[in-house]
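Welcome, and have the sequence and the 3D view ready. Work through each exercise on screen before you read its solution.

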Amino acid sequence: MAINLSELCASGTVLTDGAMGTELDARGQPAGQAHELWNVENPEAVGQVHAAYAQAGSRVVLTNTLQGNPISLAGHGLAKRTAELNKAAVNIAGEAVGPDVLVFGSVGPSGKLLLSGDVSEDDLLRAFAQQIRALGEAGAAAIVLETFADPDEAAAALRAAKDNCDVPVVVSFSFAAGADNDRTIMGADARRIVDQLGPLGPAAFGANCGVGPDLAVGLAQRYRKVWAGPLWIKPNAGVPKLIEGQTVFSAGPSEFAQQIPPIIEAGADFIGGCCGSTPEHIRAVAEMLSKKNN
Ligand SMILES: [Zn+2]
């Protein structure tokens, strides 16, 4: 039975999960390898990350399929394995978290630019359809289009989702440009995004990656001026810094959790973390939320 995102968040903030990619890197996945390959070659590691988030308090986890569309996978010689890698991801997550945690299918951008003609709208529709069909057939409870920058590409993914599965679709952009990071690198702000994509019927809008929790407050406020439905926010664990050749995110678990309440006050319904966030970050947010509700 299809879930309803408005009902899901009606009784309070829903805690989602933290990063997957940086967690797999930390578990030794070779740099440059497609994270999705571990859905078949090291499913134990992927399952461990999901289980750690569920134990930390996540009520929703996202599949390890951010770059699981056939255009991105082609860069690793894996395009033909699109259905296999995406279905495996849903199964791993479902087994790792059990029946009380929802598994949402993660879908990121193709990595190619419509604007420069690297890819056509038809190419995108076909590619996203292939990935989303696999996620839906394997039982993803919702689809999360995340880390998008180009509203036209997100529109193609949203159309593909609407045509190829009947679960709710979250559309989340990465804001990493403009004053206070109020725009995507393609120049779109929340108003333009909601104006263009709202008529296509998403269940939720949101922001992920791009900024830390401090700047996510403004993003939630800007969405709330133009969107009354469920709002999905997953900031990075602060700002990435290069320390001795390693990327380190600046916000530790307690600092991250302390910055979450203003995002919720600004209207976020679903909250979690993106790059650099760990199960410890999510546990700290869970503890903050339980104090807030008591
Ligand atoms: Zn991220």
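A residue is called buried if 20 or more other C-beta atoms lie within 10 Å of its own, exposed if 12 or fewer do, and partly exposed in between, with C-beta atoms placed from the backbone. This is a predicted model, in which local features need pLDDT of at least 70 and side-chain atom pairs count only at pLDDT 80 or more, while totals for chains, interfaces and linings use all residues. Residues are numbered from 1 along each chain as its sequence is written.

**Exercise 1. The whole chain**

Find what share of the 294 residues is buried, and compare the radius of gyration of the chain with that of a compact globule.

Solution.
- Step 1: buried residues make up 57% of the 294 residues.
- Step 2: take the radius of gyration over C-alpha atoms, and use the globule rule of 2.2 Å times the number of residues to the power 0.38.
- Step 3: for 294 residues a compact globule would come near 19 Å, and the chain has 17 Å, which agrees.
- Step 4: along its principal axes, the C-alpha trace spans about 50 × 45 × 40 Å.

**Exercise 2. The sheet**

In what order do the eight strands of the open sheet lie?

Solution.
- Step 1: helices (H or I, at least four residues) and strands (E, at least two) are DSSP runs, numbered from the N terminus. The chain has 13 helices and 10 strands.
- Step 2: two strands pair if DSSP finds at least two bridges between them.
- Step 3: the order is β1-β10-β7-β6-β5-β4-β3-β2, with parallel pairing. β1 (14–15) and β2 (60–62) are the edge strands, each pairing on one side only.
- Step 4: at the β2 edge, three bridges join β2 to β3 (residues 102–107). Val61 has Val103 as its bridge partner in β3.
- Step 5: helix α6 (residues 82–97) packs on the sheet and touches β2 and β3, its direction making about 150° with that of β3. Such angles run from 0 to 180 degrees between N-to-C directions, with axes fitted as lines to C-alpha atoms, for helices over the stretch in contact.

**Exercise 3. A residue in a helix**

Why does Asn86 count as buried, and which residues is Asn86 in contact with, leaving aside its neighbours within four places in sequence?

Solution.
- Step 1: Asn86 lies in helix α6.
- Step 2: Asn86 counts as buried because it has 32 C-beta neighbours inside 10 Å.
- Step 3: two residues are in contact if their C-beta atoms, placed from the backbone, lie within 7 Å. With the sequence neighbours set aside, the partners of Asn86 are Thr65, Gly68, Gln131, Ala134, Leu135 and Ala138.
- Step 4: Asn86 and Gly136 are 50 residues apart in sequence, yet 9.4 Å apart in space from C-alpha to C-alpha.

**Exercise 4. From β6 to β7**

Trace the chain from β6 through α10 to β7 and give the handedness of the crossover.

Solution.
- Step 1: β6 and β7 run parallel and are joined by four bridges. Phe205 has Leu231 as its bridge partner in β7.
- Step 2: the β-α-β crossover is right-handed; that is, with the strands pointing away from the viewer, the path from the first strand over the helix to the second runs clockwise.
- Step 3: check the helix. The expected span is 1.5 Å times one less than the number of residues. For the 14 residues of α10 (residues 213–226) this gives 20 Å, and the end C-alpha atoms are 21 Å apart, which agrees.
- Step 4: what covers the buried residues of α10 includes α9 (190–197), β6 (204–208) and β7 (231–234).
- Step 5: in a regular strand the side chains alternate between the two faces of the sheet. In β7, Leu231 and Ile233 point one way, Trp232 and Lys234 the other way, and all are buried.

**Exercise 5. Positive phi in loops**

Which is buried and which is partly exposed: Cys209 or Asp180?

Solution.
- Step 1: most residues other than glycine have a negative phi.
- Step 2: Cys209, in the loop between β6 and α10, has a positive phi near 60°. Cys209 is buried, with 23 other C-beta atoms within 10 Å.
- Step 3: Asp180, in the loop between β5 (169–173) and α9, has a positive phi of about 55°. Asp180 has 13 C-beta neighbours inside 10 Å and so counts as partly exposed.
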